[in-house]
Amino acid sequence: MQRINLKIAILRKARGLTQQGLADALGVSFQTVSKWENQVTMPDITMLPALAELFGVSVDELLGLKPLAEEAYLSKGTDGPDYWEKREAWLQQTGEAFWNEDYLRFLLERVWKIGHPVSVLDCGCGCGAFGLAVLPLLPKGSTYTGIDFSGTLLEAGRRLFAGAGLNGRFIEGDFYAYPVKRTYDLVVCKSVLRHVKDAAGFLERMVRHAKPGGLVACIEVNRELECGGLYVEGMDYLELCAHEGLKKLWACEKKEEGRDFAAAIKAAQIMEGLGLKEIGVRLNDRVHFVSPQTKGYERQVRDFMAGCGWMEVGGNKTAMSREEKCGDEISRAFPDPEGKEPQIRALMSRGMDRKEADEFLERDERLARFFAQNRDTVSFTRLQGAIITFGRKEEAL
């Protein structure tokens, strides 16, 4: 059953009515209105159309089944450092598992034809995962510079580079405002465009930082491919793929913030519009198949669960029994139903209706429970759906 979340108080206050004023308009006592607003009692079903008409909303909006125009849009804040600093460990894990080395080497040597030392600028670099992956494969003498708005992530990048014996330069700053002090042979961003408010503007800034004849590349996960890219043995694949509510959420994010879930698939046309030449598009070939026979099985399952928010990233569970681990992860994934209300309100503020938000969270709970209860035997295949788009800046005349 969907939880009713009456919006009478919000609507009354937005229209400057007192409880007594609303009561007089409806022919009830102000105590009755107070009980409605405090969820002590519900209005009689025959009263709902009159309330909806008075406030100029639908009955579904009145009952909290659809978001109100008056309710503030709640951004996830992915265009600021606070969001990403809380995900430092997850960023490191996903960075490590992003590429097949043979494909990355093929991309650098055969597709991008990098045969001599190059300078690399990584825009929105986070912990420097792209640099950690490519520097060992680039010609000796190549250099790496990363820029990001999070000093915390940059410091993690410096530690990771030092641990890998690599040299890199890390700059803290807002890439949109960072001046062009020098230009680079390869200007790249990875998993950035769908999180910023102006993907085309971000790419335009990247082009400015490229040398004439230099390569500009973006590596972005396509959300539609990602949503259809998980199969878990023993679960319904069609249910895992369902994301109708997410489509409405993405459309709302695009309208309210400019964040474009389809940035990955649009990148080639944006690059062409910016004057880049020799544009090419590839699909990263990394597909994760994980089963109990897979090398590093326990870590891969743990990393997947952590990435979905079902357990602590890097948490020390070695002193716990399997049953204790399972129970701890289930309680973490399934808070008290009242505790889901903030999540539901946030999803509704970004375009979902109540039913879609409930179904979205319930589907996530079923998936989390399945993993927690079968973590020693679970088998799954996950397609990242990362599109690699690139083009060359025209040579100077």
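The legends below describe close-up views of a predicted model.

**View 1. Nonpolar surface patch around Tyr-231.** Tyr-231, Tyr-237 and Leu-238 make a nonpolar patch of about 330 Å² on the surface. Of these residues, Tyr-231 belongs to strand β6 (residues 230-232). Its relative accessibility is 38%, so Tyr-231 counts as partly exposed.

**View 2. Salt bridge between Glu-88 and Arg-159.** The two side chains meet at 3.3 Å, N to O. Glu-88 lies in helix α7 (residues 88-96) and Arg-159 in helix α10 (residues 151-163); the pair links distant parts of the chain, 71 residues apart. Glu-88 is buried because its relative accessible area, 19%, is under 20%. Arg-159, at 49%, is partly exposed.

**View 3. Salt bridge within helix α8.** The side chains of Arg-105 and Glu-109 form a salt bridge of 3.7 Å, N to O. Both residues lie in helix α8 (residues 101-111), where four residues, about one turn of the helix, separate them. Glu-109 is partly exposed at 38% relative accessible area, and Arg-105 is partly exposed at 32%.

**View 4. Salt bridge between strands β4 and β5.** Lys-211 and Asp-185 meet through their side chains at 3.4 Å, N to O. Asp-185 is in strand β4 (residues 184-190) and Lys-211 in strand β5 (residues 210-221), so the salt bridge ties together parts 26 residues apart in sequence. Relative accessibility is 29% for Lys-211, which counts as partly exposed; Asp-185, at 22%, also counts as partly exposed.

**View 5. Salt-bridge network.** Glu-253, Glu-257, Arg-259 and Arg-350 are joined into one network by salt bridges that share partners. The model has 23 salt bridges by the rule applied here.

Notes
Residues numbered from 1 in each chain as written. Predicted model: local features only at pLDDT ≥ 70, side-chain atom pairs only at ≥ 80, totals over all residues. Heavy atoms only, no water. Patch = residues over 30% accessible without salt bridge, like charges linked within 9 Å, V, L, I, M, F, W, Y side chains within 5 Å. Areas by Shrake-Rupley, 256 points an atom, 1.4 Å probe, with all protein chains shown as cover. Salt bridge = Lys/Arg side-chain N within 4 Å of Asp/Glu carboxyl O. Helix = DSSP H or I, 4+ residues; strand = E, 2+ residues; numbered from the N terminus. Buried < 20%, exposed > 50% of the residue type's maximum accessible area, 1.4 Å probe, protein only.
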